[in-house]
Every structure is written in C-alpha cells, then in structure tokens.
There are 6 protein chains.
Amino acid sequence: METSKQGLVVSAHSADFVWRAGGAIALYAKRGWTMTVVCLSFGERGESAKLWKQPGMTMARVKEDRRREAERAAEILGANIRFMDLGDYPLRVSDEALFQLADIYRELRPEFVLTHSQRDPYNFDHPLATHVAQEARVIAQAHGHEPDTPVLGAPPVFLFEPHQPEQCEWKPQVLLDISEVWEKKRQAFELMAAQEHLWEYYTRVALQRGAQASRNSDRKIRYAEAYQRVFPQVTEELA
Amino acid sequence: METSKQGLVVSAHSADFVWRAGGAIALYAKRGWTMTVVCLSFGERGESAKLWKQPGMTMARVKEDRRREAERAAEILGANIRFMDLGDYPLRVSDEALFQLADIYRELRPEFVLTHSQRDPYNFDHPLATHVAQEARVIAQAHGHEPDTPVLGAPPVFLFEPHQPEQCEWKPQVLLDISEVWEKKRQAFELMAAQEHLWEYYTRVALQRGAQASRNSDRKIRYAEAYQRVFPQVTEELA
Amino acid sequence: METSKQGLVVSAHSADFVWRAGGAIALYAKRGWTMTVVCLSFGERGESAKLWKQPGMTMARVKEDRRREAERAAEILGANIRFMDLGDYPLRVSDEALFQLADIYRELRPEFVLTHSQRDPYNFDHPLATHVAQEARVIAQAHGHEPDTPVLGAPPVFLFEPHQPEQCEWKPQVLLDISEVWEKKRQAFELMAAQEHLWEYYTRVALQRGAQASRNSDRKIRYAEAYQRVFPQVTEELA
Amino acid sequence: METSKQGLVVSAHSADFVWRAGGAIALYAKRGWTMTVVCLSFGERGESAKLWKQPGMTMARVKEDRRREAERAAEILGANIRFMDLGDYPLRVSDEALFQLADIYRELRPEFVLTHSQRDPYNFDHPLATHVAQEARVIAQAHGHEPDTPVLGAPPVFLFEPHQPEQCEWKPQVLLDISEVWEKKRQAFELMAAQEHLWEYYTRVALQRGAQASRNSDRKIRYAEAYQRVFPQVTEELA
Amino acid sequence: METSKQGLVVSAHSADFVWRAGGAIALYAKRGWTMTVVCLSFGERGESAKLWKQPGMTMARVKEDRRREAERAAEILGANIRFMDLGDYPLRVSDEALFQLADIYRELRPEFVLTHSQRDPYNFDHPLATHVAQEARVIAQAHGHEPDTPVLGAPPVFLFEPHQPEQCEWKPQVLLDISEVWEKKRQAFELMAAQEHLWEYYTRVALQRGAQASRNSDRKIRYAEAYQRVFPQVTEELA
Amino acid sequence: METSKQGLVVSAHSADFVWRAGGAIALYAKRGWTMTVVCLSFGERGESAKLWKQPGMTMARVKEDRRREAERAAEILGANIRFMDLGDYPLRVSDEALFQLADIYRELRPEFVLTHSQRDPYNFDHPLATHVAQEARVIAQAHGHEPDTPVLGAPPVFLFEPHQPEQCEWKPQVLLDISEVWEKKRQAFELMAAQEHLWEYYTRVALQRGAQASRNSDRKIRYAEAYQRVFPQVTEELA
C-alpha cells in the first residue's frame with residue numbers, strides 16, 4: 001500500500017491555520033494527502049479575548065476550549081493536529097522544542113510547509129513561529145542531527161497571509177484557487193466562536209484574492225488564498 | 001487541426017534571447033509550441049564590438065551580419081524571429097512601434113512572455129524593452145484598442161537573467177530545468193562569434209542555476225535558467 | 001467673503017477618482033472645501049469594456065458616455081471636474097499639458113493633492129499620471145515659471161490605493177475614516193454601470209481598510225480609504 | 001479631577017531619550033501631559049567613555065553618575081523617569097523584565113510610545129530596546145495576560161532618529177516642530193557632560209530637520225525632531 | 001608632457017555642483033586633475049527665486065547671472081565648466097544633447113563621474129540628469145557609436161547627496177574627507193548670493209558627514225562629502 | 001620590531017572561510033598580515049554529510065576530522081585558526097562566548113573583519129555568526145567593557161558571498177582581485193574532501209566575479225571575491 005503524500009502547517013496559535021491556510025489544507029486533504037497542523041501554542045493569552053470575558057475563567061479552561069475548537073476545525077478541514085503548548089504572548093521556543101519540530105519534519109517528510117509571514121509588528125509570535133519552522137527544517141536536513149534517521153530533502157515553504165499584509169513586508173506571490181473547498185473553510189471558521197468578528201474579514205480576504213487570481217489568469221476564480229515563497233520555484237513549466 | 005500554443009520573447013538586441021532565454025525557447029519549441037522572438041534592434045551599435053573592429057565596416061553590414069546570426073540561432077532553438085530595427089544605444093520606441101508590438105500580442109495570443117529585467121545600470125535598452133513589452137501587453141488588453149480584434153488575456157511575464165543580476169534589482173524566483181535542451185542552447189551560443197568571451201560566462205551561469213535548482217528541489221538538475229515573475233502565480237498546486 | 005479651501009485630485013482615467021478617492025472627496029466637500037478632479041483621459045480605450053461591446057460603438061460616443069458618468073459621479077461627491085482628454089492606453093502627456101496642469105496648481109493652490117501609486121504593472125497610465133501630477137507641482141513652485149503668478153507652496157501629496165496594492169510597491173500609511181460619507185461614495189460607484197463587477201470589490205476594500213483603521217486606533221471605524229504619503233508629515237502632534 | 005494624558009518613552013540607555021526625543025518630551029510636558037521615560041540600562045559600559053577615563057572609576061559610580069544626570073535631564077524636560085538596570089553592551093532582557101514593561105504599559109495607558117530605530121549596525125542595544133518595547137506593548141494588549149487588569153488599546157509607536165539614519169534603514173516620516181521647547185532640550189543636552197562632542201552634532205540635526213520641516217510645509221520652523229511610524233496613521237484629516 | 005587625469009561632474013542646474021560636489025572637485029583639482037563640470041541648465045526657472053524677485057527681470061538676464069556665478073564658483077574650485085542650456089523645471093534632454101554628452105565622455109575619458117541621486121520627489125530634473133549622465137556613458141562605451149573614436153572604458157559613477165537624502169532612496173556609501181579644501185568650498189558657496197539660506201544648511205551637512213566619517217574610521221575628519229556608488233568597487237584593498 | 005597588521009575572519013563553520021574568503025585571506029597573508037580565522041563551530045552536524053555516511057562515525061571523530069581539515073586549509077592560506085566549538089545546526093552563542101570574541105577583537109585589533117551575510121534562508125547559523133561578530137565588535141568598542149584594556153577602533157566589516165546570493169539580500173559591493181593567490185585558494189578547497197561537489201561551484205563563482213570585476217574596471221581580472229559592506233567607506237579617493 002502506498003503512503004499518501006504529506007503537507008505540514010506550522011501555526012503559532014491554535015486558530016491561525018484556519019483563517020490563513022484552511023483552504024490549502026482542505027484542498028490537499030480532499031486530494032488524499034495527509035495534512036498535519038502543528039500548533040505551537042493554544043493562543044490562550046493573546047487570542048482568546050472572548051473566553052477571558054467569562055467570569056471565573058482559568059488558563060486551563062481557555063487552553064482546553066481552544067484545543068477542542070482547533071481539533072474540530074482540523075477535522076472539518078481533514079487534517080491531523082498536534083499541540084506543543086509552548087505558551088503565547090510571548091511564544092518561547094526552547095532548543096528541545098525546536099528538535100521536536102525537526103523530528104516531525106523527519107517523521108512526515110512533507111512535500112511542502114505552510115507558515116506565517118517573516119515580519120508582523122502586530123504579533124511577535126507569528127514571525128518567531130516562522131523562524132522556528134525554518135530553523136527546524138534546516139536542522140532536519142543536517143546529516144549529523146540524529147544520524148540514524150534519513151535526512152529531510154528540500155520542501156518548499158509558503159508563507160500565508162498575515163492580518164495586515166502590507167505592514168508585514170509580505171507579498172502575494174502565489175494565488176491558490178480554493179473555491180471548491182470554500183464551504184469547508186467557512187465552516188471551520190465558524191467554529192471560532194471567540195473570533196466571530198473575523199468571519200466576514202477573512203471571507204472578504206478570500207474574495208479579494210479570488211478576484212485578483214481571476215485578473216492574473218483569465219480564469220474565473222471566486223475564492224483564493226495567497227502565499228509568499230521563501231525559496232525559488234523549481235519547475236519544468238513557465239506558467 | 002489544432003493550433004499550437006504560443007510563447008513570446010521580447011529581446012532588446014538581436015542576441016539577448018540566446019544567452020538569456022535560449023533554454024526556455026528550445027524547451028517549448030521541442031514541446032511543439034510556436035516560439036516567437038521579437039528583436040527590437042540588432043544591437044548594431046552597442047553589442048557588435050568585434051564587427052566594428054573590421055576595417056571598412058558599415059552600419060548596414062553590421063545589421064545584416066547580426067540579423068543573419070540571430071536568424072540562425074533562432075532556427076537552432078526552433079523559434080520564429082522578427083526584427084523591428086528600432087536602433088540601439090539608445091533604443092528608442094515610438095508609439096507606432098508600441099502599437100505594432102501590441103498587435104503582435106493580439107496576433108499570437110501568447111501563453112507567456114519573456115523579457116529583460118526592470119533595471120540595468122549597464123544597459124538602458126534592456127529596461128526600456130521591458131517597459132515597452134509590458135505597456136504593449138496592457139494596450140493589447142484594452143477593449144478600445146482596435147475594437148474589432150479580440151482583446152488579449154493576462155499572460156504571465158517572466159524576466160530573464162541580466163548580466164550582473166544583483167546590480168539589476170533582479171531576483172531568481174523561478175528555476176527552469178533546461179538540461180534536455182542544453183546542447184541546442186550551447187550550439188546557438190556558438191553562432192555568436194562576435195561575443196565568444198560570453199560563451200563560458202553563460203555556460204557557468206547555467207551550471208550555477210542548475211546547482212541551485214538541485215539544492216532547492218532534491219532533484220538532480222544540471223543546467224537551468226532563472227526568471228523573475230512580474231505577476232503573482234495563479235495555481236492549483238503548491239509546488 | 002472668505003474663499004473655501006481647495007483640494008486637488010489628479011485621476012488618470014475618468015472613473016479612478018471614484019473608486020480610489022471618492023470618500024476623501026465627499027468628506028472634504030461636506031466640510032465646505034472646493035474639491036477639483038482633473039481627469040487626464042476618459043479611460044475611453046482601456047476602461048470602457050462594456051461600452052465597446054455595444055454594436056456600432058465609436059470613440060466619440062465612448063468618451064461622451066464616460067464624461068457624463070464622471071460628471072454625475074463628481075456631482076454626487078460634491079466635486080468640480082475637468083477633463084484634459086490626453087488619451088489612454090497609452091496616456092501621453094506633452095509639455096503643454098504639463099504646463100496646463102501646473103497652471104491649475106497655481107490657480108487652485110490646493111492644501112493637498114491626491115493621485116495614483118508610483119508603480120503599477122497592470123496599468124502604465126496610473127504611474128505616469130502620478131509622475132505628471134508631481135512634476136507639475138514642482139514646476140508650479142518655480143519662481144521662473146510664469147514669474148507674474150505667485151508660486152505654489154508645498155501641498156502634501158497622498159497616493160490612493162491601486163487595484164492590487166502589494167504588486168504596486170504601495171503601502172497604506174494613512175487610513176482615513178470615510179464612514180460618514182460612505183453612502184455617497186457607494187452611490188457614485190453605482191453610476192459606473194460599465195464596471196459593475198468592481199462595486200463589490202471596492203466595497204470590500206473600504207470594509208477591510210475600515211477594520212484595519214479600527215485595529216490601529218481603538219476607534220470603531222466601518223469604512224476607510226488608505227493612502228501613502230510622498231513627503232514627510234509636518235506636524236505639531238504625535239498621533 | 002481629570003488625569004492628564006500619558007506618553008511613554010523607552011530608552012535603551014540613560015541619555016538616549018535626551019538626544020533623540022527631548023523635544024517631543026518637553027513639548028508634551030508643557031501641554032500638561034505626564035511623560036514617562038523608561039531607561040532599560042544606564043549605558044554604563046558603552047556610553048560613558050569620559051567617566052571611565054577617570055582613575056579608579058567603578059561600575060557602581062558610573063551607574064550612579066549616569067542615573068543622576070538622566071534624572072536631572074528628565075526634570076528639565078518635565079518627565080518622570082524609571083530605570084530598569086538591565087545592563088548594556090550587551091543589553092539583555094529577561095521575560096520577567098518584559099512583563100514589567102508590559103505592566104508599565106497597562107499602568108500608564110500611554111497615547112503614544114517613542115523608541116529607537118529597528119536596525120542599527122553601530123549599536124545592538126537600540127534595536128533590542130525597540131523589539132522589547134513593541135513586544136511588551138503586544139503582551140499588554142492580550143486579554144489572557146493578567147486577566148484582571150484592563151488590556152491596553154493600540155497606541156501608535158514612533159521611532160526616533162538614530163545617530164546615522166541612512167545606515168539604520170530609518171526614514172523620517174514625521175517632522176515635529178520643537179522650536180518652542182528647543183532651549184529646554186539644549187539645556188538637558190548640556191547636562192551630558194560625558195558626551196559634550198554630541199552637543200553640536202544634535203543641534204545640527206535639529207536645525208536640519210527644522211529646515212526640512214519648513215521645506216515640506218511652507219511654515220517657518222527652526223528646530224524639529226524626526227520620527228518614523230511603525231503603524232499606519234488613523235486620521236480624519238489629510239494634512 | 002603627460003596629460004592630467006580627468007574627472008567629470010554632470011550637474012542638472014548651474015549651482016548643484018557647488019553644494020553637492022564642491023569638495024571633491026576642489027580636492028582633485030588641487031591634486032592636479034582636470035575637473036570638468038557640465039551644467040545641463042542654468043536653473044533659471046526653478047533655482048533663481050531671488051533674481052526673479054527683482055523688478056523687470058528677464059529670462060536672459062537670469063541665465064546670464066547664473067552663468068557668471070557658476071563660472072566664478074568653478075574657478076574658485078579649480079574646475080572647467082560647460083553649459084548645455086537645456087532648460088529647467090522641466091529639464092528636457094533631446095537625443096542630440098545626449099550624444100553631445102556622450103562625446104564629452106569620449107573627449108575627456110574621465111576616471112570617475114559625479115552626478116545626482118536616482119530619485120528625488122522634490123526635483124524631477126535631478127534624477128533625469130542622472131539618467132542622462134548614465135545613458136550617455138553607456139553610449140560612449142558602444143563600439144558602433146562614432147566608430148572612429150576610441151570607446152570609453154568603465155569609469156565609476158558616484159551619486160552626490162540630495163537635499164533631503166532619506167526621501168531620495170539615497171544612502172551614503174562613501175565618505176570623502178574634504179577638510180583640506182573646505183575653505184574653497186565655502187568660498188564657492190558664498191558666491192551663490194541667490195541662495196544664502198543654503199550656506200548654513202550645507203555647512204552643517206559637511207560637518208555631520210565629517211563626524212560620521214570620524215566615527216566610521218577612527219580618524220579625525222572635520223568636513224566630508226557623501227556619495228553613493230552605482231557600480232561595485234573593484235579593488236585590491238579591503239579598506 | 002614592528003608588528004604586522006591584523007585581519008579577522010569570523011566563520012560559522014570550519015570550512016566557510018575557505019570557500020568564501022580564502023582569496024582575501026591568502027592575499028593579505030602574502031602581504032605580511034597576520035590573518036586569524038575564528039570558527040564558531042566545526043560544522044559537525046550540518047556540513048559533514050560525507051563523514052556521517054561512514055559506518056560507526058561519532059561526533060568526536062567528525063569534529064576532529066573537520067578541525068584537521070580546517071587547520072590544513074588555514075595553513076595553506078597562511079592564516080592562524082581558532083575554534084570555539086559552539087555547536088552547529090543550530091549554532092548557539094552564550095554571552096560568555098560573545099565576550100570571548102570581544103576579547104579576541106581587543107587582542108588582535110584587526111584592520112578589517114570578514115564574516116557572513118546578514119540573511120540566509122538556507123542556513124540560520126550564518127546570519128547568527130554575523131550578528132555575533134558585529135555585536136562583539138561593538139562590545140569591544142565600549143569603554144566600560146574590561147576598562148583596563150584599550151578599546152577597539154572602528155574596523156570595517158565585509159560580508160562574504162553566501163551560497164545563493166540573491167536569496168540572502170546580499171549584494172556584491174566590493175570586488176577583490178584574487179588572481180595572484182587563486183592557486184592557493186583552490187588548493188585549500190581541495191582539502192575539503194567531504195564537499196567535493198562544491199569545488200567546481202566555487203571555482204565558477206570566482207570566475208564570474210572575476211569577469212564582473214573586469215567589466216566594472218577595464219582591468220583584466222580572472223578571479224575575484226565579492227563582498228558587501230556594512231559601513232560606509234571612509235576614503236580620500238573616489239575610485
């Protein structure tokens with residue numbers, strides 16, 4: 001039996017992958033890939049405002065709620081999900097955690113990696129997650145790191161769209177048509193009860209990127225997700 | 001009978017397309033595409049040093065020599081070639097010439113366009129060629145330009161590698177494997193008797209880009225050409 | 001009687017000012033300013049697709065339709081409008097036209113100027129309009145240009161949002177709350193029958209910039225327009 | 001009794017705030033605001049050359065001298081001052097110190113924040129101070145950080161001018177007229193006996209920025225301070 | 001008799017070379033070089049405010065005054081000067097003028113070229129002068145341009161400091177010690193009676209660049225001029 | 001007896017200095033300078049693929065092999081070499097190690113420093129080495145750091161060429177002619193048995209930079225190394 005292909009998503013907080021890469025995840029899951037989301041934290045301090053407004057809320061309960069929400073979103077999208085519980089606002093990543101992430105790279109051997117933008121003045125956990133996702137990738141490529149495990153190849157890294165793209169030195173270089181899985185993404189959105197104000201925001205993002213994808217291709221594309229590349233594309237086609 | 005797909009190359013001088021895009025041209029020609037090269041000038045003043053060292057040389061003879069060389073190179077690569085004879089050092093493009101180029105876009109309806117980098121402090125004809133190639137593309141998209149001809153779609157534009165890439169604000173974003181047609185490119189090179197010093201230079205460029213393509217993909221790629229994109233890539237694949 | 005303050009908008013085509021600066025225009029008109037829009041062309045070739053699909057359409061009729069539409073939009077927004085009819089796709093600006101624009105600067109003595117982004121790979125008329133708007137401004141500042149008319153001061157220039165902002169090296173540096181005049185902007189939009197597909201697009205743009213304005217200020221802002229500055233802001237307030 | 005408005009200055013070393021933001025501090029203090037300067041270190045190792053040339057100098061005495069000097073400068077400017085004594089050359093900031101700074105944000109709830117440039121190849125403490133000032137601001141916005149204290153809003157951050165601006169990827173985007181408090185800034189300068197060579201340097205900086213402010217506004221401005229914005233300006237005025 | 005070495009300065013207006021490159025000119029003149037300044041225009045419209053305030057002033061008299069002033073300044077600095085009288089605000093350069101400038105390159109065969117920054121939102125003549133200075137240089141390198149004259153080599157191009165450097169995307173990469181000729185530069189300044197307000201401004205620029213040169217070198221340098229390079233430095237020394 | 005002049009090279013791994021700066025090292029050694037290479041790690045995990053393919057390989061043996069290789073390469077080039085053994089993939093630098101490096105600066109008092117590019121998405125140890133090399137330099141300049149040792153001056157820092165230059169935001173600003181020591185560099189290369197695939201790659205880099213050096217100078221230069229400057233060049237010559 002052939003194993004399915006793998007895709008890896010490194011998400012700083014437990015909901016980032018839904019807003020930013022939910023379309024890509026659902027699309028590849030639908031194609032039979034194994035998509036794995038690694039959440040470095042639950043976003044328990046910085047991205048759970050609504051929960052903290054409930055009386056008597058505790059850190060443990062916030063984490064539990066966020067975990068459950070993320071698990072259900074992953075399920076809708078068709079992805080596996082893992083939590084590293086490294087804390088947020090600020091996220092802090094020890095070398096031990098870095099090596100764990102490197103091990104995940106070697107275990108999954110993903111064809112591509114999705115993560116955050118390299119800068120974000122509104123959120124310092126996001127660029128740190130990207131740094132860690134990339135440093136772990138390089139460690140997994142090192143022959144002297146756990147020499148008995150085969151080294152990683154060179155999977156391309158795609159940076160998903162931050163909340164305020166122009167402030168983050170991020171540029172849409174790849175527009176991925178997600179129309180056929182849009183309903184799944186929207187459904188996964190709507191699980192994020194704590195962030196209802198973002199539903200319409202990210203629906204509009206998808207529509208704008210869709211319109212731009214149409215304009216850049218002559219195809220009729222309704223919903224799209226935008227990504228920036230870290231590495232040059234190696235290809236046999238100019239398209 | 002189905003018509004073959006089209007690719008368009010806009011070259012400031014009569015040899016640029018060989019050094020910079022000969023691999024892509026040969027590759028697509030081999031795949032059955034119709035590749036058309038438009039040379040805005042013959043490079044008669046600025047890129048024919050060796051010819052001008054011959055006693056009694058005249059502008060007409062230089063142009064004729066450069067034209068013949070370019071035609072033979074195009075033939076080897078498998079491309080059609082057209083000359084607009086707009087002059088070089090400096091290249092000057094009237095609106096009439098711009099409209100001719102727009103008409104070529106509408107005639108060919110290319111799937112992609114290859115042209116120069118957007119900046120080049122060593123050569124002012126190159127960025128002008130790029131500007132014109134892009135402005136003509138946009139005019140060909142306008143419904144009010146010759147309203148009886150169908151408008152152009154949105155073919156992607158790829159910028160080929162300038163002589164000193166870092167000085168030209170140009171970045172390799174796409175690495176195209178040209179190994180299978182390398183011999184043709186080299187053969188077309190060697191017709192450029194006037195620029196023999198560049199043969200080894202551009203062979204090394206192809207080898208370096210090949211090594212980088214390998215490094216960015218885990219594939220074994222010997223020769224590559226590098227391109228920068230003007231527009232975002234619209235795609236259904238993250239690869 | 002005191003004269004009202006003046007604002008100047010330099011628009012490449014006859015509808016650009018509506019999509020991109022309609023909110024600022026309506027806002028300042030409401031405050032009693034005299035807002036003047038200068039349309040360098042009617043957008044007759046490049047931005048009138050729907051009209052050209054009508055049988056028997058002529059250039060004269062397209063221009064007339066576009067002019068009427070623009071006049072009505074200006075009226076709704078509360079602005080004066082002037083047309084220079086310089087052609088589009090490509091826009092071409094003679095020195096004579098440049099001096100006319102410089103004269104408009106001296107006549108109006110605007111407190112600020114609104115125009116296009118400095119780059120746009122999808123549209124070469126837009127950056128040319130910006131270049132001309134800025135060069136005319138500098139000429140109007142020269143004591144030796146028509147020495148009998150008082151020279152212009154140094155009105156700030158704000159660049160309005162292009163269609164695909166990240167591709168245009170444009171960054172939102174100023175977010176202007178236009179909520180109180182949104183209905184007027186939308187109404188002016190809807191006159192652009194030829195570009196109905198853009199109504200929703202630019203409504204979403206206004207909502208996204210509004211959400212970002214809220215996020216950057218703690219105020220509740222529903223609709224906003226974004227601008228980039230050309231010159232440093234001179235101020236007595238850090239806000 | 002109404003509380004006065006608050007402004008926060010995060011200074012890597014004990015004198016930075018005087019050279020770089022003394023005008024803004026004095027201006028807002030004069031307007032009745034409470035201006036608070038937080039010095040992350042005393043600059044005891046890296047910015048006290050003159051003191052270290054005295055025989056028998058000790059770290060404790062350098063710190064004490066620098067503290068006194070800074071306190072007197074703050075007094076002249078009309079500001080409160082706090083010292084975190086985190087060390088310099090290199091400055092090192094623990095998470096504990098980061099949280100203290102976040103608490104200061106919540107305590108003061110400043111309307112704006114002033115800090116260093118984001119890059120400085122001459123001084124690694126400065127960009128670290130900026131990073132920390134920004135990360136603490138984001139933590140103070142997190143509902144899950146000390147959930148019983150009200151969260152911070154979104155005060156704008158202004159980056160003051162580094163010693164060699166062009167080398168620091170810093171650009172003057174805001175020119176603040178400080179003419180009316182210039183004498184106070186100069187007086188505060190002159191307390192910095194250890195850095196007398198900088199008095200004239202920073203007087204010239206203020207004159208140059210003043211001349212530029214005049215040039216960009218038609219107003220007569222003698223002394224100015226320049227700032228770069230981190231976030232877009234949210235405004236109701238295009239000025 | 002050995003001919004002296006040549007340096008070429010391309011100045012948009014008749015006084016630019018004094019403020020921006022007067023130190024370099026005087027320094028090399030003192031070393032026995034032949035320094036030639038080419039003024040593309042007299043700055044008669046845009047940089048002669050004081051003259052235009054005199055009653056009955058005419059264009060011819062302004063040009064004559066500006067020419068005389070520039071000739072005397074060149075004399076003090078020890079340079080030759082030529083005027084092309086191409087007009088200013090806006091400067092316009094025909095291909096004929098471009099070829100004249102190319103001929104000057106071939107005639108002088110300069111070791112280096114000094115000209116303006118590549119961008120300047122305050123002054124559109126400056127970047128045009130730079131473009132022309134560079135395009136003429138490339139034409140002079142072309143073997144087919146006037147084939148009977150020996151082609152030009154590859155003299156480095158240095159861009160002198162614009163009025164508001166950070167707004168012009170200009171960066172000081174080379175700091176030239178001009179202390180030993182400062183008095184000459186100041187003397188040449190003071191001939192510019194029409195621009196007395198700039199005397200102190202550019203004295204401060206020289207002092208700031210001097211202080212920065214000291215800081216970057218451990219040498220004691222009082223006055224400096226700053227330049228940006230267009231091309232990489234080719235060298236045998238890492239200094 | 002006069003002491004020779006000093007040059008310092010900070011290399012992340014034990015072979016980087018050979019590929020990237022071997023020419024500069026050999027050139028200055030030949031001129032009688034004392035060149036010192038500091039290797040922060042042996043590259044034992046990330047750059048020793050070939051060794052790890054040998055059965056029974058251990059970390060200790062890899063380090064020992066890499067050390068020996070580096071020592072022999074340094075000997076051929078004429079340099080001293082020191083190892084800090086800080087680990088690689090990931091390199092981690094404690095403050096203690098940072099201070100050791102600062103002490104080396106004070107001990108050697110180098111005229112210049114060579115180190116890596118500031119960014120490298122393929123290798124996170126390289127930019128960290130650069131950061132540390134620069135931070136140590138600044139600490140060594142601080143009067144309060146070990147006040148009994150004389151402080152360091154301001155040696156220029158040159159960044160050597162990364163493997164894929166355009167991906168590393170690195171630009172060749174200085175082209176150093178290394179033709180006369182090329183054989184030594186090649187010889188030192190060939191000691192790197194573990195990285196034989198890089199021999200031809202870096203020979204081509206040297207040839208390309210040589211061709212570019214020729215093109216930028218009119219001199220005939222066969223092999224060159226390229227560097228980027230961190231600080232402005234302070235000079236008495238425009239060349």
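**Exercise 1.** In this predicted model, decide whether Ser214(B) is buried or exposed, and describe its surroundings.

*Solution.*
Step 1. Take the relative accessible area of Ser214(B), which is 14%. Buried means under 20%, so Ser214(B) is classed as buried.
Step 2. Place the residue in the secondary structure: Ser214(B) belongs to helix H7 of chain B, which covers residues 197–215.
Step 3. List its contacts. With neighbours within four places in sequence left aside, Ser214(B) touches Arg219(B), Lys220(B) and Ile221(B).
Step 4. Look for a polar partner. A polar atom of the Ser214(B) side chain lies 3.0 Å from the backbone nitrogen of Ile221(B).
Step 5. Check a residue further along the chain. Asp177(B) is 37 residues away from Ser214(B) in sequence, and their C-alpha atoms are 9.4 Å apart.

**Exercise 2.** Describe the interface between chain E and chain C by area, by residues and by polar interactions.

*Solution.*
Step 1. Start with the area. Together, chain E and chain C bury about 1400 Å², and 62% of this is on carbon and sulfur atoms.
Step 2. Find which three residues of chain E contribute more than any other three. They are Arg45(E), Arg92(E) and Phe124(E), which supply 40% of the area that chain E buries against chain C.
Step 3. Count the residues in the contact: chain E gives 15 residues and chain C gives 17 residues.
Step 4. Count the polar interactions. There are 2 salt bridges between chain E and chain C, and 5 residue pairs are in polar contact, both residues at pLDDT 80 or more.
Step 5. Sort the chain E side by class. Where chain E touches chain C, it has 8 nonpolar, 2 polar and 5 charged residues.
Step 6. Inspect one salt bridge. The side chains of Arg92(E) and Asp95(C) form a salt bridge at 3.0 Å, N to O. Arg92(E) is also one of the three residues named in Step 2.

**Exercise 3.** Work out how chain A and chain B are related.

*Solution.*
Step 1. Superpose the copies. A turn of 180° with a shift of 0.0 Å along the axis lays chain B on chain A with an RMSD of 0.0 Å.
Step 2. Read the symmetry from this: the two copies are therefore related as by a two-fold rotation axis.
Step 3. Locate the axis. Within chain B, the C-alpha of Gln173(B) is nearest to the axis, at 4.9 Å.
Step 4. Compare the interface residues. Of those in chain B, 100% are also interface residues in chain A, so the copies meet through the same surface.

**Exercise 4.** State how far apart the nearest C-alpha atoms of chain C and chain F are.

*Solution.* The distance is 18 Å, and the two chains do not touch. Chain A and chain E likewise have no contact, with their closest C-alpha atoms 18 Å apart.

Terms used: Residues are numbered from 1 along each chain as its sequence is written. Chains are lettered from A and ligands numbered from 1 in the order in which they are written. This is a predicted model: local features need pLDDT of at least 70, side-chain atom pairs count only at pLDDT 80 or more; totals for chains, interfaces and linings use all residues. Side-chain values use heavy atoms; hydrogens and water are left out. Contact means heavy atoms within 4.5 Å. Buried area is the accessible area (1.4 Å probe) that two parts lose on being put together, summed over both. A salt bridge is a side-chain nitrogen of Lys or Arg within 4 Å of a carboxyl oxygen of Asp or Glu. A polar contact is a pair of N or O atoms within 3.5 Å; within protein, one must be able to donate a hydrogen and the other to accept it, and residues adjacent in sequence count only if both atoms are side-chain atoms. Ala, Val, Leu, Ile, Met, Phe, Trp, Tyr, Cys and Pro count as nonpolar, Asp, Glu, Lys and Arg as charged, and the others, Gly among them, as polar. Helices (H or I, at least four residues) and strands (E, at least two) are DSSP runs, numbered from the N terminus. Buried means under 20% relative accessible area, exposed over 50%, partly exposed in between (1.4 Å probe, protein chains only). Copies are superposed by least squares on the C-alpha atoms of residues with pLDDT of at least 70 in both.
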